[in-house]
Amino acid sequence: MTLQQKIELTPFNTLALPGTAACYQKITTSAQLTASELLATKRFILGGGSNLVLNGDFSGLILHMAIPGKRLLNEDADAWYIEAGAGENWHDFVQWTLRQGWPGLENLSLIPGTVGAAPIQNIGAYGLEVAERFHSLTAWDFEKRAFLTVDRSICQFAYRDSLFKQQNWHLSGRMAITSVIFRLPKIWIANYRYADVAQALAAQSITTPTPQQIASAIITIRQHKLPDPAITPNAGSFFHNPLVDHKLAEKLAADYPALPRYPQADGRVKLAAGWLIEQAGWKGKSLGPVGMYEKQALVLVNHGGATGADVRRTMAAVQADVKAHFGIALTPEPIFL
Ligand code: EPU
């Protein structure tokens, strides 16, 4: 295996930030991961690059996960078990499952990124997190030099979080996820509680939606609200929605009755970061080439020619203004490399 040298990374991150990788290898089979040439001290495992802020040149080895494949692995009386390679495009995979007649992932339509990245930050949208459909995954462990199977009981899935993210296992290059198995229950229950989805279906007079109709509604909502990275580079929601204790939520609601609040099972309350950012005056506002999107203030966009430093500057300014207005510290969602 001959590693490529000094590869331009701009096409590999959806914020289109500049930077090079000293070494680069595209991985299209699991077996390639066992090569001794990949035992560099500094490694980074790259998926779709849709949750990444590049801080310039990377002096280590980038492993670009592109393992393909998707198949029905197994089925029992209760569920279908679908396996997909880590490099499969997430949205294409979801649409393929729907075409095969295996519903359950439709609420996660049009999320950018790859199958292998989905469990790391437990992607979620419109009332569903991937954890609810996750069965297990296979990963190559560079320290143990072995393939491991990891089932959901040890993944510690939480809101945009998992063991892989907490331990930085995947992103530090310790583990490379090669494939993921999803469990899709045969009893399908339509999930359109989320207000935007319910309204979109009601507007079409759909009262008992099919999985495809839910997918279509979500695709339309996302296309309307979220910028297409191919046109306006971005990394989706840039901050987590903050989780605060209910006393603070009540205090804020007394001052700001319109504040969206989502009570959680653990007693905490999730607030809408997009609302806080808009109220702090950042919706459609930029600092240099980086701003917050005009239709969804939670999405940070590169208006052209931005660097990682520009992103950090806008991020810090938004965080400072939200903190000054509401006393809330916003945490970024992407990984900084
Ligand atoms: N809002 C505003 N102004 C804005 C944006 C939002 O007032 O500029 C308000 C909305 O009116 C609404 C509330 O904030 O009352 C929530 O907004 P929205 O429904 O757009 O969802 P979100 O909380 O901003 C989250 C996820 C998205 C996911 C959507 C739909 C996070 C960090 N983001 O956004 O995920 O698609 O819900 O489920 O949890 C992502 O993680 O990259 C992502 C796009």
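These legends walk through several close-up views of a predicted model.

**View 1. The ligand and the residues around it.** Let's start with the shell: 23 residues surround the ligand. Tyr126, Tyr159, Tyr194, Glu278 and Ala297 are the closest of them. Sorted by class, the shell holds 11 nonpolar residues, along with six polar and six charged ones.

**View 2. Polar contacts of the ligand.** Here we look at oxygen atoms of the ligand and their partners in the protein. A backbone N or O atom of Tyr126 sits 2.6 Å from a ligand oxygen. Ser237 also takes part through its backbone, with a polar atom 2.9 Å from an oxygen atom of the ligand. In Glu333 it is the side chain that supplies the N or O atom, at 3.3 Å from an oxygen of the ligand. Of the 820 Å² of accessible area that the ligand has on its own, the protein covers 82%.

**View 3. Helices, strands and domains that build the shell.** Which element gives the most residues to the shell around the ligand? The answer is α6, with three residues. Helix α6 spans 273-279, and β8 (124-125), α4 (211-225) and β13 (234-237) join it in supplying at least two shell residues each. At the level of domains, domain 2 (70-185) and domain 4 (234-336) each contribute at least three residues to the shell.

**View 4. The ring pair of Phe93 and Phe182.** The structure holds 16 aromatic pairs, and this view picks out one of them. The ring centres of Phe93 and Phe182 are 5.3 Å apart. Their planes meet at 35°, which is over the 30 degrees under which a pair counts as stacked and not over the 60 needed for edge-to-face, so this pair is tilted. Phe93 belongs to helix α1 (residues 90-100) and Phe182 to strand β12 (residues 175-185), so the pair links distant parts of the chain, 89 residues apart. Are these two residues buried or exposed? Phe93 is buried, with a relative accessible area of 0%, and Phe182 counts as buried too, at 1%.

**View 5. The wider surroundings of Phe182.** Zooming out a little, we stay with Phe182, which has its place in strand β12. Ring pairs join Phe182 and Phe93 with Trp90, Trp96 and Trp102 into a cluster. Another residue to look for is Leu137, 45 residues from Phe182 along the chain. The C-alpha atoms of Leu137 and Phe182 are separated by 8.7 Å.

Methods: Residues are numbered from 1 along each chain as its sequence is written. This is a predicted model: local features need pLDDT of at least 70, side-chain atom pairs count only at pLDDT 80 or more; totals for chains, interfaces and linings use all residues. Side-chain values use heavy atoms; hydrogens and water are left out. A residue is near a molecule or strand if one of its heavy atoms lies within 4 Å of it. A polar contact is a pair of N or O atoms within 3.5 Å; within protein, one must be able to donate a hydrogen and the other to accept it, and residues adjacent in sequence count only if both atoms are side-chain atoms. Accessible areas come from the Shrake-Rupley method with a 1.4 Å probe; for residues, only the protein chains shown count as cover. Helices (H or I, at least four residues) and strands (E, at least two) are DSSP runs, numbered from the N terminus. Ala, Val, Leu, Ile, Met, Phe, Trp, Tyr, Cys and Pro count as nonpolar, Asp, Glu, Lys and Arg as charged, and the others, Gly among them, as polar. Domain bounds come from an automatic or database domain assignment. Rings of Phe, Tyr and Trp (its six-membered ring) pair if their centres lie within 6.5 Å; planes under 30 degrees apart count as stacked, over 60 as edge-to-face and the rest as tilted. Buried means under 20% relative accessible area, exposed over 50%, partly exposed in between (1.4 Å probe, protein chains only).
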